[in-house]
Amino acid sequence: MAFASRKLACGSLGAMGIHPEQQIRRRIALIAHDNKKTDLAEWARFNRALLARHELCATGTTGQLLGSELGLPVTCLRSGPLGGDQQIGARIAEGDVDMLIFFWDPLEPHPHDPDVKALLRLAVAWNIPVACNRASADYMISSPLFIRRYDRLQPDFTDYATRGWAAMAGSADQVA
């Protein structure tokens, strides 16, 4: 386990020149498909000390698992297929999620694939960092930006949100 001990040493706040009281508290959403729940739970146990400094929310079963495994408070939303993915998407759109850690299973079909796609689309649209596996989650939480103030670029959707139907109808008439 040389990798594990090296990771802890490199990832310590002191090694990064940050004192715990200076660290930013992130709002982290956690999701795992059924075949990836064990992976996420193992990753979260390994990174418990870092996660304990942040606000955690998760879809139903994943949140229950993480809450019991870590002994940390986790806001549990609905199960993913029952609206939990959409609840996290809504939190992203409202600016209430700073990062998404979503261990999804690329080898299994999911009846709620449209919800998953919508969630990932919202994360990209709102410029939220997304980790989809252990490697990307490790990179994300070991980044110096994870513990420091980071002003991510906020997209401006004003033009899109205020577009008028008249203008759209006019352009449709021109095409026809």
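How many bridges join E4 to E5? The two strands, which run parallel, are joined by 2 bridges, where a strand is a DSSP run of E with at least two residues and a helix is a DSSP run of H or I with at least four, both numbered from the N terminus. This is a predicted model, in which local features need pLDDT of at least 70 and side-chain atom pairs count only at pLDDT 80 or more, while totals for chains, interfaces and linings use all residues. Residues are numbered from 1 along each chain as its sequence is written, and side-chain values use heavy atoms, with hydrogens and water left out.

**The sheet**

The protein has 10 helices and 5 strands, and 5 strands form an open sheet with parallel pairing in the order E3-E2-E1-E4-E5; two strands count as paired if DSSP finds at least two bridges between them. Strand E3 (74–76) and strand E5 (130–131) are the edge strands, each of them pairing on one side only. Strands of a sheet pair through backbone hydrogen bonds, either parallel or antiparallel. The table sets out three of the pairings in this sheet.

| Strand pair | Bridges | One residue pair |
|---|---|---|
| E1 and E2 | 4 bridges | Ile28 and Leu56 |
| E1 and E4 | 5 bridges | Ile28 and Met99 |
| E4 and E5 | 2 bridges | Leu100 and Val130 |

Ile28 thus appears twice, with Leu56 as its bridge partner in E2 and with Met99 opposite it in E4.

**Strand E4 and its surroundings**

Strand E4 is largely enclosed by the rest of the structure, because 5 of its 5 residues are buried, a word that means under 20% relative accessible area, with exposed meaning over 50% and partly exposed in between (1.4 Å probe, protein chains only). In a regular strand the side chains alternate between the two faces of the sheet. In E4, Met99, Ile101 and Phe103 point one way, whereas Leu100 and Phe102 point the other way, and all are buried. Together with helix H6 (residues 113–125) and E5, strand E4 makes a right-handed β-α-β unit, which means that, with the strands pointing away from the viewer, the path from the first strand over the helix to the second runs clockwise.

**Two helices in contact**

The axes of helix H2 (residues 37–46) and H4 come within 10 Å and cross at roughly 35°, where axes are lines fitted to C-alpha atoms, for helices over the stretch in contact, and angles run from 0 to 180 degrees between N-to-C directions. Lys37, Leu40, Ala41, Ala44 and Arg45 of H2 make the contact with Thr61, Thr62, Leu65, Leu66, Glu69 and Leu70 of H4, contact being defined as heavy atoms within 4.5 Å.

**Two loop residues**

Thr59 lies in the loop between E2 and H4, and Thr59 counts as buried because its relative accessibility is 4%. Apart from neighbours within four places in sequence, Thr59 is in contact with several residues, among them Leu30, Ile31, Asp85 and Ile88.

Arg25, by contrast, is found in the loop between helix H1 (2–11) and E1, and with a relative accessible area of 52% Arg25 is exposed. Although Arg25 and Glu55 are 30 residues apart along the chain, their C-alpha atoms are separated by 7.0 Å. Not counting residues up to four places away in sequence, Arg25 touches Ala52, Arg53, His54, Glu55 and Asp98.
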